[in-house]
Amino acid sequence: MASTAEKLDYITVEEYLAGEEGSEIKHEYVDGQIYAMAGGSLKHNLIASNISGLLWNHLRGQPCFPLSSDMLVKTLGKRFRYPDVVVVCENDSSEDEQVMANPILIVEVLSKSTRKKDKGEKRLEYLAIPSLLEYVLIEQDFAEVEVQRRSVGWQSAYYFLGDEVVLESVNASIAVEAIYERVTNEDMLVWLEQKTG
């Protein structure tokens, strides 16, 4: 039996969603507990903006579209996450404007503090979403893009500078260097030097 303290700490899904609507700080929800989201670095924001913009341009006039990290995604059971970028389609089954239920593509930008969770706990939650076709993990401190696809049993494919990232879910090929445009990390500095040298 739960103690009184545990009962007080438990927040219902309805309470959580109502609180998120007016909150200045975003929180993820995991089985009755809420966790504040940390702010992202410049590199993180540039990468998320780049991939979102590239996907937006590619999907113009189509039924699917990218959304930023302000959009909640319902995952396993009573869990709600804020992916960095999510692609959904017009036929999403969610009845709540702040929550998407049927993403086809989820992108997370990794950092030292989030890598373990994004590659572990969140990955398991995301891959269990029936509609999801691809999960993309983008490193910010070096140039590496990992794509996992349902079509090949979620095996990882890795892309580096000079490669084109193939995104089957949205029928797109995106240059790795475009994802890292304006991002300053060692890989990009060496890459740009070689291109101009």
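1. Let's start with what surrounds the largest pocket: its lining has 8 nonpolar, 13 polar and 7 charged residues. Keep in mind as you look around that this is a predicted model.

2. How much space lies in the largest pocket? About 640 Å³. The lining is made up of 28 residues, and those nearest the centre of the pocket are M37, A38, G40, H44 and D84.

3. Which elements help to line the largest pocket? At least two residues each come from β2 (33-36), α3 (42-59), β8 (105-110) and α4 (115-119). The most generous of these is α3, which gives 5 residues to the lining.

4. Now for the sheet. It is an open one with 6 strands, and if you walk across it you meet them in the order β3-β6-β8-β9-β10-β11, with mixed pairing. At the edges sit β3 (64-67) and β11 (156-159), each pairing on one side only. On average, neighbouring strands here are turned by 20° against each other, direction ignored.

5. Zoom in on one pair: β6 (residues 85-89) runs antiparallel to β8, and 3 bridges join the two. One residue to find is V86, whose bridge partner in β8 is I106. As a reminder, strands of a sheet pair through backbone hydrogen bonds, either parallel or antiparallel.

6. Back to α3, which packs on the sheet and touches β3, β6, β8 and β9 (134-139). The direction of α3 makes about 165° with that of β3.

7. Finally, the record: an unreviewed UniProt entry places the feature "domain: Putative restriction endonuclease" at residues 13-166. That span is 26% helix and 32% strand, and its end C-alpha atoms lie 36 Å apart.

Technical notes: Residues are numbered from 1 along each chain as its sequence is written. This is a predicted model: local features need pLDDT of at least 70, side-chain atom pairs count only at pLDDT 80 or more; totals for chains, interfaces and linings use all residues. Side-chain values use heavy atoms; hydrogens and water are left out. On a 1 Å grid over the protein atoms alone, a cavity is a set of points where a 1.4 Å probe fits but cannot get out, and a pocket is an open set with protein on both sides within 12 Å along at least five of seven lines; lining residues have an atom within 4 Å of a point. Grid points are joined across faces, edges and corners, and a volume is the space filled by probe spheres set on the points. Helices (H or I, at least four residues) and strands (E, at least two) are DSSP runs, numbered from the N terminus. Ala, Val, Leu, Ile, Met, Phe, Trp, Tyr, Cys and Pro count as nonpolar, Asp, Glu, Lys and Arg as charged, and the others, Gly among them, as polar. UniProt positions are given in the numbering used here, feature names are shortened, and annotations may be inferred rather than shown by experiment. Two strands pair if DSSP finds at least two bridges between them. Axes are lines fitted to C-alpha atoms, for helices over the stretch in contact, and angles run from 0 to 180 degrees between N-to-C directions. Contact means heavy atoms within 4.5 Å.
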